Amino acid sequence: MRPVVTLTLNPAIDAACVADEVVPMRKVRTRDERYDPGGGGLNVARVIRELGGEAVALYLAGGITGQALEGLIEHSGIAAVRLPIQGLTRVSHTVAETGSGREFRFTPEGPLVAEAEWRNCLEVLSVIGADYVVASGSLARGVPPDFYGRVARQAKAQGSRVVVDSSGAGLEGALAEGVFLIKPSRRELETLLGRKAGSPADDEALAREVVDSGRAEAVALTLGAEGAVLATRDVTLRLASPPVQAVSAVGAGDSFLGGMVHALAQGRPMVEAFAHGVAAGAAAAMTPGTELCRRADVQRLLAGLRRQLPA
């Protein structure tokens, strides 16, 4: 089994902290600061490693903050390849307000990527073989809208299954080429298809529409605390999210995808892999700030989810 390869075009240093109260125009004292490597593909790789799998994370990074991100990645223990760019890697901030239970999230747009830099990314991908290639996260500024489509075309030619977790132009570009799996949120899928989902039946219909169009073999539609919907040519399945004490929503989607792809890479059936994803997403909600899911929590929650699966 070859390692899963993940791609992150617009990574970040994810900073998280706690404050008693966030008040405008006043100095806000914080505590419990932590810093993690962030961005969709990097988070997916971190989850796969936490769950006992192997992943190689490709990511673009530049400047002093890019060096700091590289250090955080090395400390995390995931295998990674840094693709250098001139722009400064972004730093995102999450502040948990203990007085209200609210969470404030600040996400910069990130650096401008030059054509030579994103073309280098495609060249590096062309020499890395993988059973699964996961393109996750937003497109960086300067990267063409069809970039994930180019990634998909190239990876499929090499025999890889392509998984995409993005939105807007990034998702549309990938689907124009055709991919193995996408993991949109309800809002992302509504935007893609141009209409709202007003009921559980609508959720399932939207997911099935993408599969029936041939643009993706499978859709894992994440619905937050409501659970998730899986649609393939053979099955449409909804799983309720396990009841957990939610602490933070940060990283839940990436944990879902990491859990699902890890199970697929192990050779598990799609429906069982979907349950792994739901368990990992719920487990991530139990951890504070930018911390992702924990293996023990995933295994415990998975036991209950298996009882929801069809025979």
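**Exercise 1. Cysteines**

Decide whether Cys293 is buried or exposed in this predicted model, and state how many disulfides are counted.

*Solution.* Cys293 has a relative accessibility of 6% and therefore counts as buried, since the cut-off for that class is under 20% relative accessible area. Cys17, at 14% relative accessibility, is likewise counted as buried. The next step concerns the sulfur atoms, for which a disulfide requires a pair of cysteine sulfurs within 2.5 Å; by this rule the count comes to zero disulfides.

**Exercise 2. Helices H8 and H9**

Describe how H8 and H9 cross, and find which residues make the contact.

*Solution.* Two packed helices are described by the angle between their axes and by the distance between those axes. The axes of H8 and of H9, which spans residues 270-285, come within 7 Å and cross at roughly 150°. Because angles over 145 degrees count as roughly antiparallel, H8 and H9 are assigned to that class, and the crossing in which H8 passes H9 is right-handed. On the H8 side the contact is made by Ala252, Ser255, Phe256, Gly259, Met260, Ala263 and Leu264, and on the H9 side by Met270, Ala273, Phe274, His276, Gly277, Val278, Ala280, Gly281 and Ala284. Sorted by class, these residues of the contact of H8 with H9 comprise 11 nonpolar, five polar and no charged ones.

**Exercise 3. Helices H1 and H8**

Find the angle and the axis distance for H1 and H8, and sort the residues of their contact by class.

*Solution.* H1 (residues 40-50) packs against H8 (residues 252-265) at an angle of about 55°, and their axes are 8 Å apart. That angle makes H1 oblique to H8, while the crossing of these two helices is right-handed. From H1, the residues Gly40, Asn43, Val44, Val47 and Ile48 meet Asp254, Ser255, Leu257, Gly258, Gly259, Val261 and His262 of H8. The contact of H1 with H8 therefore divides into five nonpolar, six polar and one charged residues, a tally in which glycine is placed among the polar residues.

**Exercise 4. Helices H3 and H4**

Work out the relative direction of H3 and H4, and the class make-up of their contact.

*Solution.* H3 (residues 115-126) and H4 (residues 147-157) pack at an angle of about 20°, with 10 Å between their axes. Since angles under 35 degrees count as roughly parallel, this is the description that applies to H3 and H4. H3 passes H4 in a right-handed crossing. The contact joins Trp118, Arg119, Cys121, Leu122, Leu125 and Ser126 of H3 with Phe147, Arg150, Val151 and Gln154 of H4. By class, the contact of H3 with H4 holds six nonpolar, two polar and two charged residues.

**Exercise 5. Asp165 and Thr236**

For Asp165 and Thr236, establish the strand in which each is found, its accessibility class and its contacts.

*Solution.* Asp165 lies in strand S9, which covers residues 161-165, and with 9% relative accessibility Asp165 counts as buried. When its neighbours within four places in sequence are left aside, Asp165 is in contact with Ala135, Ser136, Gly137, Lys183, Asp254 and Leu257. Among these partners, Asp254 and Leu257 also take part from H8 in the meeting with H1.

Thr236 is found in strand S13 (residues 236-239), and its relative accessibility of 32% places it in the partly exposed class. With neighbours within four places in sequence again left aside, Thr236 is in contact with Glu204, Arg208, Val229, Leu230 and Ala231. A further distance concerns Ala218, which is 18 residues from Thr236 in sequence and 9.8 Å from Thr236 in space, C-alpha to C-alpha.

**Exercise 6. Positive phi values**

What is phi at Met25, at Asp32 and at Gly178, and where is each of these residues located?

*Solution.* Met25 has a phi near 65°, a positive value in a residue other than glycine; Met25 belongs to the loop between strand S2 (12-19) and strand S3 (30-38), and at 85% relative accessibility it counts as exposed. Asp32, also not a glycine, has a positive phi of about 55°; Asp32 lies in strand S3 and is exposed, with a relative accessible area of 56%. Gly178 takes a positive phi of about 95° just after H5.

Note on methods
Residues are numbered from 1 along each chain as its sequence is written. This is a predicted model: local features need pLDDT of at least 70, side-chain atom pairs count only at pLDDT 80 or more; totals for chains, interfaces and linings use all residues. Side-chain values use heavy atoms; hydrogens and water are left out. Buried means under 20% relative accessible area, exposed over 50%, partly exposed in between (1.4 Å probe, protein chains only). Axes are lines fitted to C-alpha atoms, for helices over the stretch in contact, and angles run from 0 to 180 degrees between N-to-C directions. Helices (H or I, at least four residues) and strands (E, at least two) are DSSP runs, numbered from the N terminus. Angles under 35 degrees count as roughly parallel, over 145 as roughly antiparallel, 65 to 115 as roughly perpendicular and the rest as oblique. A crossing is left-handed if the near helix is turned anticlockwise from the far one by less than a right angle, and right-handed if clockwise. Contact means heavy atoms within 4.5 Å.
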